[in-house]
Amino acid sequence: MIKVGIVDDHAIVRSGLRQFLGEHVDLKVTGEANNGREALDLVRGGEVDVLLMDISMPDHSGVDALQAIKARFPDLPVLILSGFPEAQYATTLLRYGASGYLNKECEPEEIVNAIRLVARGRRYISPSVAELLADNAVGDAERPLHEQLSERELQVFLRLAKGETVGAMAEAMFLSVKTVSTYRTRVLEKLKLTSNSELTYYALKNGLIQ
């Protein structure tokens with residue numbers, strides 16, 4: 001029996017997934033979470049073999065949660081199920097430790113197959129993600145600039161794009177204001193931008209925030 005935890009800020013999505021996964025004799029939904037902070041609490045409970053998680057959530061985003069979970073539970077498979085197209089996040093999140101990336105428009109059975117695969121310690125790579133990885137391996141010149149950001153830089157970028165202040169970010173991320181400001185400067189340089197408003201526009205244009 002594979003124990004699955006579901007993390008999504010929409011109750012109707014969690015309900016639908018719970019009902020669908022419950023139809024499979026080898027899967028059991030053992031917990032749900034509304035955001036990244038609750039996801040951490042869920043994982044700490046120890047009743048999860050695979051975490052199925054969205055990345056666009058309030059409070060503590062899936063990107064932040066993935067980093068925190070993998071730091072504390074490096075062997076726990078985290079399967080990302082997102083409304084964002086693979087091209088926007090997949091390769092980055094796989095690099096940060098995700099065991100697979102699925103778009104919410106995929107066939108339901110693909111989710112089941114992915115859960116079973118990552119539960120065995122393997123990664124789930126869909127054909128579209130495999131193509132992205134191949135493009136990155138040969139140094140595709142058309143790769144978006146945000147894929148060059150480090151894990152921490154991406155976190156800072158997304159928080160800034162959502163309008164969070166440097167001070168609030170420093171407190172939430174347990175960093176000094178000076179350190180966050182340094183990350184902000186690096187992000188602006190790498191994305192060839194000059195202001196927070198441009199960061200927000202870039203993020204919206206590339207579908208990184210809603």
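Here are some friendly notes on this predicted model, starting with the whole chain and moving on to a few residues.

1. **The overall build.** A good place to begin is the count of elements: the protein chain holds five strands and 10 helices. Its radius of gyration is 17 Å, close to the 17 Å that the globule rule gives for 210 residues, so the chain is as compact as a globular protein of that length. If you want a feel for its extent, the C-alpha trace spans about 55 × 40 × 30 Å along its principal axes.

2. **Inside and outside.** Of the 210 residues in the protein chain, 48% count as buried. The chain exposes about 10,200 Å², and 51% of that comes from carbon and sulfur atoms.

3. **Contacts along the chain.** Take the contacts in the protein chain with a separation of 6 or more: 63% of them involve residues 24 or more positions apart.

4. **Charges.** The side chains include 29 negative and 24 positive ones. The centres of these two sets lie 6 Å apart.

5. **Asp-54, the annotated residue.** UniProt, in an unreviewed entry, lists Asp-54 under "modified residue: 4-aspartylphosphate". To find Asp-54 in the model, look in the loop between β3 (50-53) and α3 (62-72). Asp-54 counts as buried because its relative accessibility is 5%, and buried means under 20%.

6. **Glu-153, a buried acidic residue.** Helix α7, made of residues 151-161, contains Glu-153. With a relative accessibility of 3%, Glu-153 counts as buried too. What does Glu-153 touch, once its neighbours within four places in sequence are left aside? The residues in contact with Glu-153 are Gln-148, Tyr-183, Arg-186, Val-187 and Lys-190.

7. **Phe-174, a loop residue worth a look.** Phe-174 sits in the loop between α8 (166-173) and α9 (177-191). Phe-174 is not a glycine, yet its phi is positive, at about 60 degrees. Its relative accessible area is 77%, so Phe-174 is exposed; the cut-off for that word is over 50%.

8. **Lys-192, further along.** After α9 comes another loop, the one between α9 and α10 (196-205), and Lys-192 lies there. Lys-192 is a residue other than glycine with a positive phi, near 60 degrees. Is Lys-192 buried or exposed? Lys-192 is exposed, because its relative accessible area is 64%.

Notes
Residues are numbered from 1 along each chain as its sequence is written. This is a predicted model: local features need pLDDT of at least 70, side-chain atom pairs count only at pLDDT 80 or more; totals for chains, interfaces and linings use all residues. Side-chain values use heavy atoms; hydrogens and water are left out. UniProt positions are given in the numbering used here, feature names are shortened, and annotations may be inferred rather than shown by experiment. Helices (H or I, at least four residues) and strands (E, at least two) are DSSP runs, numbered from the N terminus. Buried means under 20% relative accessible area, exposed over 50%, partly exposed in between (1.4 Å probe, protein chains only). The radius of gyration is taken over C-alpha atoms; the globule rule is 2.2 Å times the number of residues to the power 0.38. Contact means heavy atoms within 4.5 Å. Accessible areas come from the Shrake-Rupley method with a 1.4 Å probe; for residues, only the protein chains shown count as cover. Lys and Arg count as positive and Asp and Glu as negative; His and the chain ends are not counted. The place of a charge is taken as NZ of Lys, CZ of Arg, CG of Asp or CD of Glu.
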